[in-house]
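User: I'd like to talk through how the labels on this model follow from the numbers. Could you take me from definitions to conclusions?

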Amino acid sequence: MSVFEHPEFDSHEHVAFFHDSATGLKAIIAIHNTNLGPSLGGCRMWPYLNSAEALTDVLRLSKGMTYKAAMANLQQGGGKSVIIGDPRQHKSEAFMQAMGRFVESLNGQYVTAEDSGITVADLQAVATQTDHVAGTHAQYNVLGETPTGNPAPSTAYGVFVGLKQTVKHVFNSNLNGVKVAIQGMGHVGYRLAKQLHEEGAELYVADIFPEGLAKAEQELGAKIVAPEDIFSLPVDVIAPCAMGSAINDESLPDIRAKVIAGAANNQLAREELGQVLYQRGICYAPDYVINAGGIIDIYHQKKNDSSDSALREHIDQIGDSLDEIYQRAEEQSLATNIIANRIAEERFSKQG
Ligand code: NAD
């Protein structure tokens with residue numbers, strides 16, 4: 001299995017493989033770029049079929065973190081770790097401690113955090129072996145909830161800030177009376193809906209499970225819509241807050257909204273769809289820019305001198321980053337996702 005010839009290899013600085021015989025841990029850490037600071041990125045545990053599949057994932061995800069951290073104005077680079085195995089079967093405290101020793105062996109060039117299959121308790125086991133862990137204890141909550149370690153409130157606040165800024169850019173208006181269709185009433189989607197409701201937006205919501213929908217209907221006056229209809233409604237904004245690839249060749253032709261601004265990762269099924277959206281006059285808030293509130297939250301948990309207000313001010317910068325993207329997209333007649341990548345590259349590339 002080659003690394004340097006791998007299609008997802010893109011000048012990654014360091015790719016490290018680790019095996020612990022005592023616990024059976026098999027893990028890979030990829031550090032993509034540390035120009036802005038030590039790399040930060042979650043640890044994902046997944047039953048990968050083989051190490052080639054795990055390598056593909058870690059190379060792709062670590063690069064994505066470099067772009068996300070740069071656009072979120074973090075003094076951090078991009079990295080990621082993957083553990084090969086089923087999180088419901090193969091984890092133990094000793095297993096996660098072995099992962100901690102692996103992280104420690106990179107001397108702080110990689111800081112780990114939560115991702116799929118890894119819990120706060122797992123990270124606490126990692127933290128017995130290394131200081132290079134973020135997100136083990138929550139301290140702040142921008143929505144006034146009790147801090148639990150879940151970054152969803154910060155993500156939802158960031159999406160709210162970004163959506164509001166995008167509406168201002170496109171319609172030159174505030175949110176009062178603006179029609180927003182939200183796909184997914186989960187941790188982020190419901191909190192986004194609540195903030196939008198407080199600013200007078202008219203809400204349409206869809207989910208494949210009823211719990212969040214009933215709450216949104218009763219508490220926020222939202223109208224429930226069938227999942228297959230949510231993106232074709234005659235609304236001003238659609239907010240994908242469920243799974244990836246929501247904007248695809250099937251959903252795109254039916255979209256009537258002028259704004260797409262939501263929390264989901266990898267919203268575009270193909271990068272080229274960004275240009276199609278641009279040509280159709282639909283303003284797309286690039287996913288990794290607008291959904292960065294969670295990683296900003298994790299970053300502030302690691303800082304010793306932060307506060308609720310410092311976290312909030314940092315997340316508010318998502319609006320400024322989007323403004324810069326929209327302005328350049330207009331100047332250069334290019335899709336917002338392409339412009340976002342270029343701005344991120346300018347920020348993390350070494351000058352001179
Ligand atoms: P979640 O699992 O709490 O909520 C997702 C919701 O979407 C669930 O209620 C689910 O039933 C619903 N859903 C799934 N498929 C659907 C479909 N086809 N139609 C309608 N609803 C559907 O997840 P979350 O934490 O709210 O995250 C939402 C999205 O934002 C995910 O894509 C996630 O990767 C992304 N994201 C989350 C965070 C965070 O801090 N939680 C940070 C960055 C990005």
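Analyst: Gladly! Two strands count as paired if DSSP finds at least two bridges between them. Please keep in mind that this is a predicted model.

User: What makes strand E1 and strand E2 a pair?

Analyst: E1 (residues 14–20) and E2 (residues 25–33) share seven bridges in the antiparallel sense. The threshold is at least two bridges, so they are paired. Asp 20 stands opposite Leu 25 in E2. The hairpin of E1 and E2 has four residues between the strands, and Gly 24 takes a positive phi near 85 degrees there.

User: How do you know that E2 also pairs with strand E4?

Analyst: By the same rule: E2 and E4 (residues 77–84) are joined by six bridges, again antiparallel, where at least two are needed. Ile 29 has Ser 81 in E4 as its bridge partner.

User: Which strands are called edge strands in the sheet E1-E2-E4-E3-E5, and why?

Analyst: They are E1 and strand E5 (110–114), each of which pairs on one side only. The sheet is open, has five strands and shows mixed pairing. From one strand to the next, the twist averages 25 degrees. Helix H1 (residues 51–71) lies across E1, E2, strand E3 (39–46) and E4, at about 155 degrees to E4.

User: What makes E9 and E10 a pair?

Analyst: Strand E9 (residues 237–240) and strand E10 (residues 259–260) run parallel and are joined by two bridges. The rule asks for at least two, so the pair qualifies. Ile 238 stands opposite Ile 260 in E10.

User: Why does one side of E8 and of E11 lack a neighbour in the sheet?

Analyst: The six strands form an open sheet in the order E8-E7-E6-E9-E10-E11, with parallel pairing. Strand E8 (223–224) and strand E11 (283–284) stand at its edges with a single partner strand each, so one side of each has no neighbour in the sheet. Helix H6 (residues 210–220) packs on this sheet, touching strand E7 (202–206) and E8, and its direction makes about 165 degrees with that of E7.

User: Now to the ligand. How do you know that Thr 155 makes a polar contact with the ligand?

Analyst: A polar side-chain atom of Thr 155 lies 2.7 Å from a ligand oxygen atom, and a polar contact is a pair of N or O atoms within 3.5 Å. The distance is inside that limit, so the contact counts. Val 188 places a backbone N or O atom 2.8 Å from an oxygen atom of the ligand. For Ala 263, a polar backbone atom is 3.3 Å from a ligand oxygen atom. Taken alone, the ligand exposes 840 Å², and the protein buries 72% of that.

User: What makes up the shell around the ligand?

Analyst: There are 20 residues around the ligand, with Thr 155, His 187, Val 188, Asp 207 and Ala 242 the closest. By class, the shell has 12 nonpolar, seven polar and one charged. Helix H4 (152–171) and helix H5 (187–198) are the elements that give two or more residues to the shell.

Methods
Residues are numbered from 1 along each chain as its sequence is written. This is a predicted model: local features need pLDDT of at least 70, side-chain atom pairs count only at pLDDT 80 or more; totals for chains, interfaces and linings use all residues. Side-chain values use heavy atoms; hydrogens and water are left out. A residue is near a molecule or strand if one of its heavy atoms lies within 4 Å of it. A polar contact is a pair of N or O atoms within 3.5 Å; within protein, one must be able to donate a hydrogen and the other to accept it, and residues adjacent in sequence count only if both atoms are side-chain atoms. Accessible areas come from the Shrake-Rupley method with a 1.4 Å probe; for residues, only the protein chains shown count as cover. Ala, Val, Leu, Ile, Met, Phe, Trp, Tyr, Cys and Pro count as nonpolar, Asp, Glu, Lys and Arg as charged, and the others, Gly among them, as polar. Contact means heavy atoms within 4.5 Å. Axes are lines fitted to C-alpha atoms, for helices over the stretch in contact, and angles run from 0 to 180 degrees between N-to-C directions.
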